[in-house]
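Q: Please take a close look at one part of this model: the chain that is split into two domains. Describe how that chain is built and how its partner receives it.

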Amino acid sequence: MRKLDIQSGLFLLLLSMGICVGSLQHEVGSLTEPGSGFFPLATGLVLGVLSILILIEGRRGSQDTAGFWAPAANRKGIFLTIFFILVFSFLLERAGFLFTTTLFFFLVSRFVSGHRWSTALFFGLATSVATYVVFSFLLRAPLPVGIVESMF
Amino acid sequence: MGFSVIAEPMNFVFCFTGVLLGTLIGVLPGLGPGATISLLLPLTYHLNPIASIIMVAGIYYGAKYGGSTTSILLNIPGEVDSVVTCLDGYQMARKGRAGPALGISAFGSFIAGTVATLGLMLVAPTLARFALSFGPPEMFALMVLAMTLIVFMSSGSQAKGLAMAALGLFLGSVGLDVFTNVDRFVFGYNFLLEGLGIVPVIVGLFGVGEVLSNLEVQMRGEVFQKKVSNLLPTLKDWKDSFWPIVRGTFIGFFVGVIPGGGGIASTFASYTVEKRLSKHPEKFGTGAIEGVAGPEAANNACSGANFIPLLTLGIPTNGIMAIIFASLMINGLQPGPLLIKNQPELFWGVIASMYVGNVMLVMLNLPLIGIWVRFLTIPYAILAPLILFFCLLGAYTVKNAVPDLIIMLIFGIVGFLMKKYRYEGAPLIMGFVISELVEGAFIRSLLMSGGSFTIFFSRPISCTLMIVSLLLFILPLFGKKPISMGAGDDEG
């Protein structure tokens with residue numbers, strides 16, 4: 001865990017510095033009259049001390065036996081999933097719920113889970129329509145409207 | 001009062017839904033109670049508070065029942081607390097005794113769950129009355145102790161756990177400061193004024209993070225006994241299991257009351273005790289029924305006892321309790337000493353639902369075992385898109401805001417990285433959900449004392465709690481931790 005601990009320890013140290021600098025932009029106040037930056041500064045300082053402890057632990061730790069990725073890791077699946085979530089977030093309020101959900105389900109089922117084109121499309125359509133009915137008609141929760149929804 | 005609450009058709013239905021979902025997700029490897037409750041958090045917005053908490057509680061203890069099924073039949077714990085059940089449960093299945101293993105697991109869980117609910121009913125009101133005398137210094141010291149205990153009893157590095165708790169406290173302070181009405185760390189984004197939403201953070205960390213981790217390595221397992229019969233344990237099985245169930249119940253209950261005392265701690269403790277007391281310790285690991293009965297009882301007693309600190313002191317004892325804490329907050333309820341006084345219907349309703357839920361679980365788990373076995377064969381390739389979709393839907397529908405989807409994605413990646421770098425999610429979530437309470441208690445204590453930290457050491461209760469916290473922090477510096485139990489690893 002040596003390398004991984006040092007990497008994460010350094011990241012947390014930088015983050016704690018960022019928190020402390022950000023807190024100092026606010027009024028820190030005093031112990032008798034704490035300001036809005038007081039508590040975040042305290043958490044930043046504690047995080048800083050602990051990240052140094054993590055770095056020390058990392059320096060003392062044994063050499064890594066495994067790397068960041070597991071053997072034969074499905075990296076493509078992970079990156080595609082993150083990308084598809086971004087696509088979903090971008091399209092949801094622009095293209096409407098039904099189209100975006102069908103597309104998202106289709107993309108994940110086809111390219112991450114490896115289902116056939118037809119199965120992926122069926123999954124996408126079935127799930128988006130079923131969810132739309134439950135949320136719009138049963139729970140009466142508003143969902144983003146696009147071209148498809150405006151036809152109902 | 002509690003039984004009249006659970007007798008209402010809506011509450012009864014949600015109790016059943018909770019235990020059914022709990023059993024289902026306990027059975028499905030790769031989807032833990034933490035992820036499921038997170039996914040359902042947005043739904044609780046649309047339900048009345050009592051029904052939603054009854055359902056969420058049902059998912060929690062239902063998952064404990066279901067988790068043992070995969071441990072016994074598949075040698076993969078459906079949720080992490082059932083890992084000990086793999087040791088002897090799977091060996092029993094290999095010998096064709098999956099039925100009695102599942103049977104004693106369900107009956108043991110029922111007995112322990114019912115006794116723990118009785119304990120909750122007796123202990124909680126007294127503890128809540130005592131906690132009413134707590135001022136800000138005592139509350140602050142108690143929350144510090146709770147966080148230290150969670151970290152102390154979890155597996156892995158103490159520094160990493162505490163760092164996550166500190167990070168959680170910071171993340172909880174993002175948004176409008178309740179004391180000064182000044183915005184903090186919002187960087188001009190108005191959607192951050194209300195703070196990082198509980199739902200997107202939790203759904204990201206536990207739901208999306210879990211899916212990304214599972215996608216990396218596909219899980220495979222062999223169902224050893226697809227057709228399970230003879231679920232009723234024999235007289236000899238009962239004789240061998242009686243005392244392990246009794247001891248497991250007490251161990252689970254007492255471990256569960258302690259903040260940080262996760263189910264896995266109680267199951268390991270029970271297994272160790274049974275092995276030590278057994279006349280044939282060599283049989284453990286080869287299919288001894290005591291090795292299933294004790295830990296399963298401990299696990300379920302623990303889940304009931306976990307509610308005591310939450311409902312009486314407002315302290316979540318593990319990651320899932322932190323999520324349940326969040327769901328109470330979402331419903332406008334403040335967990336703590338006043339909950340029983342102000343919301344008696346909720347408190348007694350949840351307790352009564354646990355009695356009813358335990359009966360439902362036995363009825364669901366034993367006669368329907370054939371159906372649960374079929375669920376074991378659902379490939380993750382089908383589950384993953386569904387889970388992801390419900391994560392997205394859950395995060396979005398709380399406020400109908402796209403930024404929440406981005407927050408969820410960021411915390412999903414954070415959750416994935418935390419697993420890779422061996423950081424636990426429980427302390428982070430715990431710090432995040434109690435951040436406002438910790439800050440409030442801390443600032444009020446300083447105002448009370450005129451800026452002196454001695455206030456935490458000059459009052460007997462807070463002084464005792466602070467000294468225990470300090471000892472727990474210092475102890476590991478002088479050697480190995482006495483126990484390492486993964487209290488926070490409850491995402492399953």
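**Chain A and its partner**

A: In this predicted model, the centres of domain 1 and domain 2 of chain A lie 40 Å apart, taken over C-alpha atoms. The domain assignment places domain 1 at residues 2–60 and domain 2 at residues 75–150.

Start with the make-up of chain A. Chain A has six helices and zero strands. From the N terminus on, its elements read α-α-α-α-α-α. A compact globule of 152 residues would have a radius of gyration near 15 Å, but chain A has 24 Å. Its C-alpha trace spans about 60 × 50 × 25 Å along the principal axes. Of the 152 residues in chain A, 32% are buried. Take the contacts in chain A between residues at least 6 apart in sequence: 59% of them join residues at least 24 apart.

Between the two assigned domains, look at A:Ala70. A:Ala70 sits in the loop between H2 and H3 of chain A. A:Ala70 counts as partly exposed because it has 13 C-beta neighbours inside 10 Å. Leaving out residues up to four places away in sequence, A:Ala70 touches B:Glu216 and B:Val217. A:Lys3 is 67 residues from A:Ala70 in sequence, and the two are 15 Å apart in space, C-alpha to C-alpha.

Now the contact with chain B. The contact takes 52 residues from chain A and 44 residues from chain B. On the side of chain A that touches chain B, five helices each supply at least two residues: H1 (2–24), H2 (38–60), H3 (75–95), H4 (97–112) and H5 (117–138). H2(A) gives the most to this side, with 11 residues. By class, the side of chain A that touches chain B has 30 nonpolar, 20 polar and two charged residues.

H4(A) merits its own view. H4(A) has 16 residues. From first C-alpha to last, H4(A) reaches 21 Å, close to the 22 Å expected at 1.5 Å a residue. The buried residues of H4(A) include A:Phe97, A:Leu98, A:Phe104, A:Phe105 and A:Phe106. Also among them are A:Thr100, A:Thr101 and A:Thr102. Just after H4(A), A:Gly114 takes a positive phi of about 80 degrees.

Turn to the partner. Chain B has 22 helices and two strands. A compact globule of 492 residues would have a radius of gyration near 23 Å; chain B has 22 Å, which agrees. The C-alpha atoms of chain B fill a box of roughly 65 × 50 × 50 Å along the principal axes. Buried residues make up 64% of the 492 residues in chain B. Among contacts in chain B with a separation of 6 or more, 82% come from residues 24 or more positions apart.

One helix of chain B leads back to chain A. H19(B) covers residues 402–420. Its 19 residues reach 28 Å from first C-alpha to last, close to the 27 Å expected at 1.5 Å a residue. The buried residues of H19(B) pack against H3 of chain A. They also pack against H9 (198–216), H18 (380–397) and H20 (425–449) of chain B. Among these buried residues are B:Asp404, B:Leu405, B:Ile407, B:Phe411 and B:Phe416. B:Gly412 and B:Gly415 of H19(B) are buried too. After H19(B) comes B:Arg422, whose phi is positive, near 60 degrees.

Methods:
Residues are numbered from 1 along each chain as its sequence is written. Chains are lettered from A and ligands numbered from 1 in the order in which they are written. This is a predicted model: local features need pLDDT of at least 70, side-chain atom pairs count only at pLDDT 80 or more; totals for chains, interfaces and linings use all residues. Two residues are in contact if their C-beta atoms, placed from the backbone, lie within 7 Å. Helices (H or I, at least four residues) and strands (E, at least two) are DSSP runs, numbered from the N terminus. Ala, Val, Leu, Ile, Met, Phe, Trp, Tyr, Cys and Pro count as nonpolar, Asp, Glu, Lys and Arg as charged, and the others, Gly among them, as polar. The radius of gyration is taken over C-alpha atoms; the globule rule is 2.2 Å times the number of residues to the power 0.38. A residue is buried if 20 or more other C-beta atoms lie within 10 Å of its own, exposed if 12 or fewer, and partly exposed in between; C-beta atoms are placed from the backbone. The expected span of a helix is 1.5 Å times one less than its number of residues. Domain bounds come from an automatic or database domain assignment.
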